[in-house]
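Q: Please take a close look at the aromatic ring pairs of this structure and explain how they are described.

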Amino acid sequence: DVRYIKQLPVYCVTATWSIFAYIWLIIILLVSSPNVVEMWEGIVTFAFFWILLLMAFAADKGYFGGKREEPLQKLEDLSAFEMAEKADAVRGKFGDHLTDEQVFRYLSAQHKSTKSNTQAHYRAH
């Protein structure tokens, strides 16, 4: 079973910060002030959390690369010409016997299947 990372920029941000967290821990516990965590170290560590949070959010939104998906246009917002082109393509694929309602149902189903759900959707369902 092969699994792929869908959001590589988010993975890279969290992996980098995970490694940095251990390095930072070694620095503050062994180098800076051995066996004692000073107030400034705690404040800086807490600030790193917010930086990680903002960077992970930015990576999730696509600011660090990765592909951005174009927003899907609603079928109802298509012009008559665009809708006729899509209907002709469906009828060309499946036959001219399809009614307008069947074509619209097919296009609606195809439109919904191209929309990707977020992880929150799968947790809730």
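A: The answer below treats the ring pairs and the residues that form them. The model is predicted: local features need pLDDT of at least 70, side-chain atom pairs count only at pLDDT 80 or more, and totals for chains, interfaces and linings use all residues. Residues are numbered from 1 along each chain as its sequence is written, and side-chain values use heavy atoms, with hydrogens and water left out.

A pair of aromatic rings is described by the distance of the centres and the angle of the planes. Rings of Phe, Tyr and Trp (its six-membered ring) pair if their centres lie within 6.5 Å; planes under 30 degrees apart count as stacked, over 60 as edge-to-face and the rest as tilted. The structure holds 9 aromatic pairs. In one of them, the centres of phenylalanine 20 and tryptophan 24 are 6.4 Å apart and the planes stand at 20 degrees, so this pair is stacked. Both residues belong to helix α1 (residues 8-32), where they are 4 residues apart, about one turn of the helix; helices (H or I, at least four residues) are DSSP runs, numbered from the N terminus.

Accessibility is sorted into buried (under 20% relative accessible area), exposed (over 50%) and partly exposed (in between), with a 1.4 Å probe and protein chains only. Phenylalanine 20 is partly exposed at 29%, whereas tryptophan 24 is buried at 13%. The rings of phenylalanine 49 and tryptophan 50 have centres 5.0 Å apart and planes at 70 degrees, so that pair is edge-to-face. Phenylalanine 49 is partly exposed at 40%, and tryptophan 50 is partly exposed at 42%. Finally, ring pairs join Trp17, Phe20, Trp24 and Phe48 into a cluster.

Note on methods: Helices (H or I, at least four residues) and strands (E, at least two) are DSSP runs, numbered from the N terminus.
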